[in-house]
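Visitor: I am new to this structure and would like a close look at a single part of it. Please show it to me first, and then I will ask about one residue.

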Amino acid sequence: MPVSVVRFNLVEPDATPASLAARYRAALEMAAYADEHGITTVQTEEHHGAENNWLPSPFAFASAVFGATKRLAVTVSAIIGPLHDPLRLAEEIAVLDLLSGGRLVTVAGIGYRPEEYALFDVEWKRRGRLQDELLETLLKAWTGEPFEYRGRTVRITPRPFTDPHPLLLVGGSSKAAARRAARLGLPFFPSAHLPELEAYYKERLVEYGTEGWTMMPAAETPLLHVAEDPDRTWAEHGRHFLHEARTYASWQSGEIRSAVKSGATTVAELRAEGVYRIVTPEECAALGFDNYVLHPLSGGMPVEEGWRSLRLFCERVLPALDA
């Protein structure tokens, strides 16, 4: 059975507090429905100060999802590590790990938007050193034992549910990220299909004498929306996918490599590109992917349209994949 993921970033351009609250409630109801129908994972992420209301608090959202579900995992992909206080983050993840019974997966990256660092008065040039400190602190904190932190002895409680610690991956598309993961013996999450970077990570594991593994996107990892009539859905709702694609494009420089990077400037270009795909249930089941990533509320998609996509996937695609 392939891995099935429902992604939420809760984007809604020009939202009102009431409309955004309704979107958040709908996402939780969708997560509960997905859990009941055997979806593997809810994926969420972190961005700050975005005009379109991109979710800034993934752990708060993850906590609500855990309260609404019993089985599925929540992957936060990714947190912007240097923007977090290491000790507070250790506590937050430990508590979520306990609440969920070990269903939290955290991918720690360093981000690619200087504006986010400026918002929190964190020095952009120090992001690599801050990320090293964060990851090292988390691993020490989760032992429950005293350790040295910024010149003093500290101890973090409670200990997490997961032994030896909650699942923590290092994300990124650079050799520095791969080295960081290998040095600490942490799994590596390349932000795109980058087999050469995976090979580099494995070489560094040997060099450091550590163990680890990669969770890398496949060469083809489109964001999916399921509809009975893709032509009509593209015509009516393609602008929501384009909004998200253009937002990403405005944030990512030429050096950033991402599985969802798009160069499209029109809905027609976006459809031809294939990063976002609207498919029928039958087409979806025939894709033959190892990972299916559904994005029901992409770019401010109307909630009712998001529900149509999710129901079609759960009621007609998942049974076919399991057959």
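Visitor: Is L10 buried or exposed, and what is its relative accessible area? Please take your time, and then lead me on through the rest of the protein.

Guide: Gladly! Please keep in mind that this is a predicted model. L10 is buried, because its relative accessible area is 1%, and the cut-off for a buried residue is under 20%. You will find L10 in the loop that runs between strand β1 (3–7) and helix α1 (17–36). The backbone has a special feature here: the phi of L10 is near 60°, which is a positive value in a residue other than glycine.

From L10, let us step back to see the whole. The protein has 323 residues, arranged with 11 helices and 11 strands. Its radius of gyration is 20 Å, in agreement with the value near 20 Å for a compact globule with that number of residues. Along the principal axes, the C-alpha trace spans about 60 × 40 × 40 Å. L10 has plenty of company in being buried, as buried residues make up 52% of the protein. The chain also meets itself across long stretches of sequence: of the contacts with a separation of 6 or more, 72% are between residues 24 or more positions apart.

The outside can be described too. The accessible surface comes to about 14400 Å², and carbon and sulfur atoms account for 51% of that. As for charges, there are 33 positive and 43 negative ones, and their mean positions are 4 Å apart.

Now back to the backbone, where L10 has a useful counterpart. N53 is also not a glycine, and its phi is positive, at about 70°. N53 sits in the loop between β2 (41–44) and α2 (58–68). Whereas L10 is buried at 1%, N53 is partly exposed, with a relative accessible area of 26%. A positive phi turns up again at G185, just after helix α6, with a value of about 65°.

Two peptide bonds deserve a look as well. S77 and A78 are joined by a cis peptide bond with an omega of about 10°, and A78 belongs to strand β3 (residues 73–80). Another cis peptide bond links T157 to P158, with omega at about -5°. P158 is in the loop between β6 (152–154) and β7 (167–172).

Next, try strand β2, where T41 has its place. T41 counts as buried, at 10% relative accessibility. Its contacts, leaving aside neighbours within four places in sequence, are S4, V5, V6, L72, A73 and T75.

Another good place to linger is helix α6, which covers residues 175–184. Its buried residues are A177, A178, R180, A181, A182 and L184. Cover for these buried residues comes from elements including α5 (127–141), β7, β8 (188–190) and α7.

One residue in α7 lets you see such a meeting in detail. Y200 is found in helix α7 (residues 195–208), and Y200 is buried, with a relative accessible area of 13%. Not counting residues up to four places away in sequence, Y200 touches K175, A178 and R179. Y200 and A178 are 22 residues apart along the chain, yet their C-alpha atoms are separated by 7.2 Å.

Last, let us turn to the cysteines. The structure holds zero disulfides. C284 is in no disulfide, and the nearest cysteine sulfur, in C314, is 11 Å away. Why is there no bond between C314 and C284? Their sulfurs are too far apart for one, because the sulfur of C314 lies 11 Å from that of C284, its closest cysteine sulfur, while a disulfide needs sulfur atoms within 2.5 Å. Both residues can be placed on the buried side of the cut-off: C284 has a relative accessible area of 0%, and C314 counts as buried at 4%.

To return to where you began, look once more at L10: a buried residue with a positive phi, in the loop between β1 and α1.

Definitions and conventions: Residues numbered from 1 in each chain as written. Predicted model: local features only at pLDDT ≥ 70, side-chain atom pairs only at ≥ 80, totals over all residues. Heavy atoms only, no water. Helix = DSSP H or I, 4+ residues; strand = E, 2+ residues; numbered from the N terminus. Rg over C-alpha atoms; globule rule 2.2 N^0.38 Å. Buried < 20%, exposed > 50% of the residue type's maximum accessible area, 1.4 Å probe, protein only. Contact = heavy atoms within 4.5 Å. Areas by Shrake-Rupley, 256 points an atom, 1.4 Å probe, with all protein chains shown as cover. Lys, Arg positive; Asp, Glu negative; His and termini not counted. Charge placed at Lys NZ, Arg CZ, Asp CG, Glu CD.
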